[in-house]
Amino acid sequence: MILPKSHRLTPEQLSEVTTIVTEFGCQIQPIIGAVRTIYAIVGDERDELMINRLEGLGYIERIDRIQSPFKLMDRRSDLATHRIRIGGATLGEGLFIIAGQCTIDPRNPQFFLETAAAVKEAGAHVLRGGVWKPRTNPYTFQGDVKSLDILMEASRSTGLPVDAEVMDESQVHLALDAGVHMLQIGARNALNYSLLRAIGRAVAERDTVILLKRSLHMGPINEFISAAEYIAAFGNPSVILCPRGTSPALDGYRNHPDESITPLLKERTWAPVVVDPSHSVGKAAYVQACALAAVAYGADGLCIETHVSPSQGIGDDPKQAITPRALTETISQARQIWALKHPVKAG
Ligand code: PEP
Ligand code: MN
C-alpha cells in the first residue's frame, strides 16, 4: 500500500510508480478516498528492492506492508478509517437496518409498496427486495426483471435506498443502470470469483455499497474476508460482510446460525458486519432471538426479511418474513443491546 505525501499522485508520478512495480510483476490499484487516494500494490509486494525503490521517491510518504491475504480489508490497512454511508446512516455509528421482502411479487406490487412504507416507518435505512432469485428448485419462481421497476418505485416513494441480489453480470448492469444503491451477492455466489471481479469492476467508480453474504460452505474466516477483497481490489471498498447461516443446518433451523463469527471477523477486518437472521434460522418465530444475539456478538446491523402479509408472500416470505410490527419490536430491543455495547456512541 503506497501513501503519497499529497492528496494523490500526479499522472507522471503514477506512471513512474507503475513502471517500478510492473518490473516486479505487480500492478497499482488506486483507492480513491474522500480525503486522499492511496495506491494498493496488487501482487507480491514483499520484494525489498521494489520497496526500496518506491521509498526512495521523494513524493512517497510511506509504504505499508500488510502481510495478510487481504491487504485492503485488513484491520491494519489504511482503509480502516473508511466509512460506509447509506440511507442517512454511517455503518458503525448506530444500529444499521436493512429490511424488506425476500421476493418482490410482480403480480402484486402493492404488497411491496406497502412493505416499503412499513419498514421505513419501523426505522429501516435500506429497503431490500428480491428481483432475481437463486432458487434451489428450477421449477419455482426465479424472479422477474419487471420487479426492478417496482423496487425503484418503492425507493422513490419512500426515499429509501434499495438492495437487490445480482447473480450475473447482466443483472449487475441492469441493477446499476436502474439506480439500485446496494448490490447483494448471495450465499450461493460468494465464492464465484469471476462474478466478484465483475462486480468489483462495475462498482469501482460508483458509491454503490456491496452486501456480501457468507457462503453456505465457507469455512475459514479468511475465505470470507478474501471474497470481499476481490471486490475492493478494483477500487470500491464499501463492502459489508453478511453472515447468514452455513451448512449443515442445525436441526430445526434452515442453516447453522453463524452470528457468533462476528467478533472473529472484527479481529481481522474493518469491514462492517450486518447479520441476516432470516436465512440463518429460516423461520419467522426464531428471527428476533437470532437478531438480538447478533447485536450482542457485535454486529453493526441486521438484514431482516419483512412482509406486510407474510402468508401472501412468495419465495421465503411465507415462512421466514416477519411483520412490520415484529420488525419494530426487534429494532427497539436490538437498539437497547447496541447501546449497552457502545455506551459512548449511543449517548
Ligand atoms: C435472500 O437474501 O433472499 C437470499 C437468497 O439470501 P442468501 O443468498 O443468503 O440465501
Ligand atoms: Mn430470502
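Select strand S11, residues 209–213, and strand S12 beside it: the two pair in the parallel sense over 4 bridges. This is a predicted model. Pick Leu211 next; its bridge partner in S12 is Ile240.

**The open sheet**

Widen the selection to the sheet. It is open and has 8 strands, in the order S12-S11-S10-S9-S8-S7-S14-S13, with parallel pairing. Now go to its edges. S12 and strand S13 (274–275) stand there with a single partner strand each, so one side of each has no neighbour in the sheet. Add helix H10, residues 284–296. H10 packs on the sheet and touches S13 and strand S14 (301–305). The direction of H10 makes about 165 degrees with that of S14.

**Inside the sheet**

Move to strand S10, residues 182–185. Show its side chains. In a regular strand the side chains alternate between the two faces of the sheet. Here Met182 and Gln184 point one way, while Leu183 and Ile185 point the other way. Are these four buried or exposed? All are buried. Add strand S9, residues 162–165, which pairs with S10 in the parallel sense over 3 bridges. Across that pairing, Glu165 stands opposite Gln184.

**An antiparallel pair**

Go to strands S2 (residues 27–32) and S3. They pair in the antiparallel sense over 6 bridges. Select Ile28 and look across to Ile41 in S3, which stands opposite. Then select S3 alone, residues 37–42. Of its 6 residues, 5 are buried, so S3 is largely enclosed by the rest of the structure.

**Phe234**

Next, centre on Phe234, in the loop between helix H7 (221–232) and S12. How accessible is Phe234? Its relative accessibility is 22%, so Phe234 counts as partly exposed. Show its contacts. Leaving out residues up to four places away in sequence, Phe234 touches Gln29, Arg197, Gly200, Arg201 and Ala204. For a distance check, pick the C-alpha atoms of Phe234 and Gly186. These residues are 48 apart along the chain, and the two atoms are separated by 20 Å.

**A surface patch**

Finish at Leu250, in the loop between strand S12 (239–242) and helix H8 (262–268). Leu250 has a relative accessible area of 38%, so it is partly exposed. Add Tyr253 and Tyr286 to the selection and turn on the surface. With Leu250 they form a nonpolar patch there. Together the three have about 250 Å² of accessible area.

Terms used: Residues are numbered from 1 along each chain as its sequence is written. Chains are lettered from A and ligands numbered from 1 in the order in which they are written. This is a predicted model: local features need pLDDT of at least 70, side-chain atom pairs count only at pLDDT 80 or more; totals for chains, interfaces and linings use all residues. Side-chain values use heavy atoms; hydrogens and water are left out. Patches are made of residues with over 30% relative accessible area and no salt bridge: like charges are joined within 9 Å, nonpolar side chains (Val, Leu, Ile, Met, Phe, Trp, Tyr) within 5 Å. Accessible areas come from the Shrake-Rupley method with a 1.4 Å probe; for residues, only the protein chains shown count as cover. A salt bridge is a side-chain nitrogen of Lys or Arg within 4 Å of a carboxyl oxygen of Asp or Glu. Buried means under 20% relative accessible area, exposed over 50%, partly exposed in between (1.4 Å probe, protein chains only). Two strands pair if DSSP finds at least two bridges between them. Contact means heavy atoms within 4.5 Å. Axes are lines fitted to C-alpha atoms, for helices over the stretch in contact, and angles run from 0 to 180 degrees between N-to-C directions.
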